Amino acid sequence: MLQTPSGGAGHGAAAADSGLMSIGTVLNVLRDEFPEVTISKIRFLESEGLIEPQRTPSGYRKFSAEDVERLGHVLRMQRDHYLPLKVIREYLDAMERGEAVALPVVGRQRDGGEALPDPWEAPTAARIGRAELMAAAEIGERELEEWESYGLIAPLPDGAYDAEVVTVAALVVELGRFGIEPRHLRAMKAAADREAGLVDQVVAPLKRHRNPQTRAHAEARTKELAGLTVKLHAALVQTALGVRLP
């Protein structure tokens, strides 16, 4: 098993069983540690030779636990050590061959010698197309249209989707395994919209400010409030059911 200087084994090996995973499932596993990861990022790392997932006859990617573990190492080494992908690939390949290699130190330098991150090579827009969304969720056109009819998923004005809908799609699929249908989730969507409206009401004055620093503060405050509302929602559901989640 690969070991890196910071983080140890990836979340994939701990969270997944021996079965193969879809790219949407992989995204959910990785987002516990890497909230900003997207399908575009995973596909880009594949194109750069960092991972080699299997393919189904219809062309869908299928990831093993080892693939997810390697992805975790790659993302961790980018985040913590600012290493370019070529260096990461060579380092991990050497580790897999059993070679004792030291972690390289590369990157631009600030005054005083502190490393600066290299520009991210992957596409920055966290957006996916309709076909990519259906492939990630492993659903068909009929299912997606049904979800859209209940407001669970909505396209952007240009027809693309925010990458976060992959998480929504994966959760809708998982709930469906327990007999909870999309029509049952309309109340949850309405509650989420009300919570989002409350957060937006709080940060709206900051968003309208002309000062870029104030607008940046508004974005940070939005994320903070969103996190708190999600935690409160989860706590309320657990309290109502009389259960405690791990």
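This passage walks through the overall make-up of the protein, its main nonpolar core, one of its pockets and two loop residues.

The model is a predicted one, so local features need pLDDT of at least 70 and side-chain atom pairs count only at pLDDT 80 or more, while totals for chains, interfaces and linings use all residues. Residues are numbered from 1 along each chain as its sequence is written, and side-chain values use heavy atoms, with hydrogens and water left out.

To start with the overall picture, the protein has ten helices and six strands (DSSP runs numbered from the N terminus, helices being H or I with at least four residues and strands E with at least two). Of its 246 residues, 34% are buried (under 20% relative accessible area, with exposed meaning over 50% and partly exposed in between, for a 1.4 Å probe and protein chains only). Take the contacts (heavy atoms within 4.5 Å) between residues at least 6 apart in sequence: 56% of them join residues at least 24 apart.

Next comes the core. The largest nonpolar core (buried Ala, Val, Leu, Ile, Met, Phe, Trp, Tyr and Cys residues joined through side-chain atoms within 4.5 Å) has 42 residues, and Leu30, Ile42 and Leu133 have the most contacts inside it. Two or more residues each come from H2, helix H3 (39-47), helix H4 (65-81), helix H5 (85-96), H6, helix H7 (141-149) and H8. Setting aside neighbours within four places in sequence, Ile42 touches Ile23, Val26, Leu27, Leu30, Val37, Ile51, Phe63 and Leu71.

Then there is the second largest pocket (on a 1 Å grid over the protein atoms alone, an open set of points where a 1.4 Å probe fits, with protein on both sides within 12 Å along at least five of seven lines; lining residues have an atom within 4 Å of a point). Its lining has 16 residues, with Gly24, Thr25, Asn28, Ala170 and Glu174 nearest the centre. Helix H2 (23-30), helix H6 (130-137) and helix H8 (165-176) each give two or more residues to this lining, and H8 gives the most, with five.

Two loop residues round things off. Leu20 sits in the loop between helix H1 (11-15) and H2 and is partly exposed, at 41% relative accessibility. Its C-alpha atom is 4.9 Å from that of Ser64, although the two residues are 44 apart along the chain. Beyond neighbours within four places in sequence, Leu20 is in contact with Gln54, Lys62, Phe63 and Ser64. Glu138, in the loop between H6 and H7, has a positive phi near 55° despite not being glycine. Glu138 is also partly exposed, with a relative accessible area of 39%.
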